[in-house]
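Student: I have a model open on my screen and would like to understand the words used to describe it. Could you take me through them?

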Amino acid sequence: MKNKSLLHRFVDWVNGDVADDRPGNIRTVGSLPEAKPPKEKPEHTDPLRHLNRQIAAYRVSAVLVCVSLMLALTYTVLCLPTYNDPSAPTNNEVSQRYVEQGMEETGAVNTVAGMILDYRAFDTFGESTVLFTATAAVLFITLSKHTKEWTERGPFADSSKDPILQVVGKILLPMIFVYGIYVVLNGHLSPGGGFSGGAVLGGGLILASSMFGQKKMVRVLSANVTTGLSVACLLAYAAMKGYSFFTGANHVGWEIPKGTPGDILSSGFILPLNICVGIIVACTMFSFYSLFSQVEEE
Amino acid sequence: MPFVNNVPFFSIFIAMLGGIVMPLIKNGRIALRVTEAAAAIIGVLSAWLLCAVVASGESFTYMMGHFPAPWGNELRAGPLEAMMALAFCMIMILGLEGGRRDMFDDISAHKQNSYCLMLNLLLASVLALVYTNDVFTAYVFIEINAISACGIVMARRFGNSLVAAVRYLVISCVGSGLFLMGIVLLYTCTGQLLMPGMDTAVQALAASGEYRVPLLIAVALVAVGLSIKSALFPFYGWLPNAYASATTSGSAVQAGLISKGYVILFIKLIYRVFTLEVMRDLHILQALFVMGLSGMIIASIRAYQEQSTKRMLGFSSAAQIAYIFMGIGLGTHEGMVAACYQILAHTITKPLLFTSAGMLIRSAHGSKNLHDLRGTARKNPLAGVGFTIGGLSLCGLPLLAGFAAKYYLGVAAMGDPKKMLFALLVLAGSSVLNAMYYLPAIVGIWFPADKGAAEPLAEEREDKGFILSTAVFIGLNIFLGVAIGPMIKLIELGLSLL
């Protein structure tokens, strides 16, 4: 007898408490004390009242958190070594070797290029993959089955008829592209490199697309083409750096000749790596622009 | 250098290449096969590496290029890293196999390759977080991790999952941002980005008391950033919806991989850079302990109140992550070992629950509500068994992984007389709460509300992938629940060689 009542009680518990008679209920909020029944107060007629109060509380607490974080961080910055301080901890053997032996060890006159594409090339591979992943994610979310029908929107939707844009664009566009290519190709010799040159090229592509109209641009540089270019460049990057990571870590030798620092064909893999990074950055910028400025036509 | 030392580099590169070539593979089935093959190769390589490092009894650093520690990027691997890499690859394959049918139903055909792209890059980023010896490399791969995880959440492309993905993206960007600020401050006061150089500099600063405020803020920012990313108690708001609105395999892989990668990175940073003493001096560990304790209770209560199965599992994940951080917060070596055991236990249990719940939800014709799942285990007994084992494991039934982890957490808590009382009380309370929401769910899925309504067998064709993955998951769960001694020894070896 006692067993049976225990079992019954267990069954009731599984079914949700006795108060709740919905069939097939495993367990509801109703099984907690202070559940639905006591909360039905007639004076709270506005359904958004609770939500509005939450939003207000959220705003106040967000401001409080941000202000306290700002104060804490500002105070922290005041405790840090001042800029240009020769005794600062960042002036150590790390930057010293980058600056003093960078040219000799990487073959790049531009120390920054040597740092990001040789000393810390794995990070740069990761960064390029971040760009690729971001493009893929945007494609993932915007592209649907009916991608063939696109219409344009945004500030430059009708700009292909604008005479000022046409005239200025025709003068500027060749210069922008030449400058972008120059910055990419001279990345190991002068300030610049794949990231900055690629950004210039991407800006040029965006200008071109607002001059000629999206539809013409998409014929040349569709999402498939930009993705394909990024994939090819990342694979090339992975092949080159994979080779040098593997040979470097296993002390195999077989190093890529560095050439004479200052020549355009020098510094081992840095020139082709810059080209790869440049193309990836340009493709990413352009595909962000074109994907977000198009609208799906049902 | 023995050839096996190339494994970390190969693992990360195979996963990244697997992601990069995905746009070229248009067929979703082939893309899934390639993803699984990549994970399988990495898994085999990691097992080989694990055997090698356990046999040699030492860990090693691997130069990524021609330049050693303070100048070039480096990887580092030992038993703990290899074991985690192996576990993550296994979860990847099993989660994908278990949720395969849902993946083909939920994601439109021309997007399945992009989904696999995200999965591969997610695995690559988690592997890089596990193996890296460079704090900045960790940040770069945290970015990849965040974007690809968002892609996985929004793969189903309907309202809920988009909202969840946006919320996840925003919160996770805050986490990455705080982590980045922490690294910048650390770099400014130590001048190093690689762990081996940074640790001596941090020790020197902690001993001399110079730059104490920046050091405190930097460590706090890193800790808060990583705990936001891994959904520790006050920051777990993004987790339930992100897990619930992804497709089954996405939820399983996320629950197994994402937050665990960050926790491993955090443990690595504690051992290799900050050290327990400095963390304790700066009172960060105590804060984590309190956050862990509150998370264990509050996330469990939220799970208890939940009606949707997958959101319930999500809140339960948040509670389990709070267990991990409680272990870390104990601030002892045993606490760390227990935290690692909890990582392993949860990383193999939660994906099992998600894949089984996915199958049960299929039997309930897509309804995620708990009361619609009544009796579904009769239709799909294997999924029922999977859900039962997973749930009981998290409740702490002996011979299962969850029990072993909780038991060892309790043992570890004994080591600290001040924290012991709280830890044990909360551990007990949280276990009771776990049982309060898992047991009714388990009983409910086996017993239909009105007798006679349950059809005896599933109408669908047998899903071999699901059978295989559930069997292996259950096997792993029992293995972790039984082989406590050897696994603890392995983890201790791994931690001492970090």
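Student: In which helix of chain B does F466(B) lie?

Tutor: F466(B) lies in helix 19 of chain B, residues 464-482. Please keep in mind that this is a predicted model.

Student: What makes F466(B) count as buried?

Tutor: The cut-off is 20 or more other C-beta atoms within 10 Å. F466(B) has 26 such atoms within that distance, so F466(B) is buried. Leaving out residues up to four places away in sequence, F466(B) touches E97(B), G98(B), T355(B) and M359(B).

Student: How do you know that F466(B) touches T355(B)?

Tutor: Contact requires C-beta atoms that lie within 7 Å, placed from the backbone. T355(B) is among the residues listed as touching F466(B). With M22(B) you can look at C-alpha atoms instead: M22(B) and F466(B) are 444 residues apart in sequence and 24 Å apart in space.

Student: Why is L394(B) called buried?

Tutor: L394(B) has 30 other C-beta atoms within 10 Å, and 20 or more is enough for the term. L394(B) is therefore buried. L394(B) lies in helix 16 of chain B, residues 381-395.

Student: Which residues is L394(B) in contact with, leaving aside neighbours within four places in sequence?

Tutor: The partners of L394(B) are S316(B), Q320(B), T349(B), G402(B), N434(B) and Y438(B). You can also find S431(B), 37 residues from L394(B) in sequence and 8.1 Å away in space, C-alpha to C-alpha.

Student: Why is helix 5 of chain B described as largely enclosed?

Tutor: 20 of the 20 residues of helix 5 of chain B are buried, so the helix is largely enclosed by the rest of the structure. Helix 5 of chain B covers residues 112-131 and reaches 29 Å from its first C-alpha to its last, close to the 28 Å expected at 1.5 Å a residue.

Student: How many residues of helix 6 of chain B are buried?

Tutor: Helix 6 of chain B has 18 of its 19 residues buried, and is mostly covered. This helix, residues 135-153, reaches 27 Å from its first C-alpha to its last, close to the expected 27 Å.

Student: Now the loops. What makes N84(A) exposed, and what makes Y211(B) buried?

Tutor: Set each count against its own cut-off. A residue is exposed with 12 or fewer neighbours, and N84(A) has 7 C-beta neighbours inside 10 Å, so N84(A) counts as exposed. Y211(B) has 22 C-beta neighbours inside 10 Å and therefore counts as buried, given the cut-off of 20 or more.

Student: Where are these two residues found?

Tutor: N84(A) lies in the loop between helix 3 and helix 4 of chain A. Y211(B) is found in the loop between helix 8 and helix 9 of chain B. Phi is near 75° for N84(A), a positive value in a residue other than glycine. Phi of Y211(B) is near 50°, also a positive value in a residue other than glycine.

Student: How do you know that strand 1 and strand 2 of chain B pair?

Tutor: Pairing needs at least two bridges between the strands. Strand 1 (residues 60-63) and strand 2 of chain B are joined by 4 bridges, so they qualify, and they run antiparallel. M63(B) stands opposite E74(B) in strand 2.

Student: Which way do the residues of strand 2 of chain B point?

Tutor: E74(B) and R76(B) point one way, L75(B) and A77(B) the other way, and all are buried. In a regular strand the side chains alternate between the two faces of the sheet.

Student: How many residues meet between the two chains?

Tutor: 51 residues of chain A are in contact with 60 residues of chain B. Helix 6 of chain A gives the most to the chain A side, with 15 residues. That side divides into 30 nonpolar, 13 polar and 8 charged residues.

Student: What ipTM does the predictor give the complex?

Tutor: The complex has an ipTM of 0.90 and a pTM of 0.90. Chain B averages a pLDDT of 90, and 98% of the residues score at least 70.

Notes
Residues numbered from 1 in each chain as written. Chains lettered and ligands numbered in written order. Predicted model: local features only at pLDDT ≥ 70, side-chain atom pairs only at ≥ 80, totals over all residues. Nonpolar A, V, L, I, M, F, W, Y, C, P; charged D, E, K, R; others polar. Expected span 1.5 Å × (residues − 1). pLDDT = per-residue confidence, 0-100.
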